[in-house]
Amino acid sequence: AQREDLLKELAPQYGSEWATVRHGVDNAIREIAQQGFCLSLGEWQKEIHGVGVPLVDPIRETVYALNLGGPAYILSEKFMREQCGPWLLDVRNQINRMLVAA
């Protein structure tokens with residue numbers, strides 16, 4: 001419900017590009033459900049690739065994002081999907097363990 005409220009607030013800021021932005025958000029939600037992370041392969045800036053994972057504070061239930069990105073010519077889709085995404089998931093899991101132990 002909170003996500004949908006936020007998306008309704010964002011829609012007017014994107015005007016005619018909202019359908020494209022919303023499609024990207026929906027894809028990211030599906031990727032996170034399937035593999036735990038999502039990729040952005042030139043959607044925002046053609047020459048930039050990125051990967052992100054959600055981090056939910058287990059105590060406060062606040063949602064954060066861990067992400068990394070850089071030039072597409074260095075960070076290929078394969079590298080991002082096979083190396084960076086799983087690495088970020090591991091970092092997220094390590095942070096979660098530290099938060100729970102604190």
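Which residue just after α2 takes a positive phi? Hold on to that one, everybody, while I set the scene.

This is a predicted model, where local features need pLDDT of at least 70, side-chain atom pairs count only at pLDDT 80 or more, and totals for chains, interfaces and linings use all residues. Residues are numbered from 1 along each chain as its sequence is written, and side-chain values use heavy atoms, with hydrogens and water left out.

Now to helix α2, residues 18-35. Helices here are DSSP runs of H or I with at least four residues, strands are runs of E with at least two, and both are numbered from the N terminus. At 1.5 Å a residue, counting one less than the number of residues, the 18 residues of α2 should span 26 Å, and the end C-alpha atoms are 25 Å apart, which agrees.

Four names to find on it: W18, V21, A28 and E31 are buried, meaning under 20% relative accessible area with a 1.4 Å probe and protein chains only, while exposed means over 50% and partly exposed lies in between. Seen down the axis, the buried residues fall within an arc of 150 degrees, so they line one face of the helix; the arc uses directions from the helix axis to the C-beta atoms. They pack against α1 (2-14), β1 (38-41) and α3 (77-101), where contact means heavy atoms within 4.5 Å. On the face turned away sit the exposed residues A19, A33 and Q34.

And our opening puzzle? The residue is G36, with a positive phi of about 90 degrees.

Thanks for listening, everyone!
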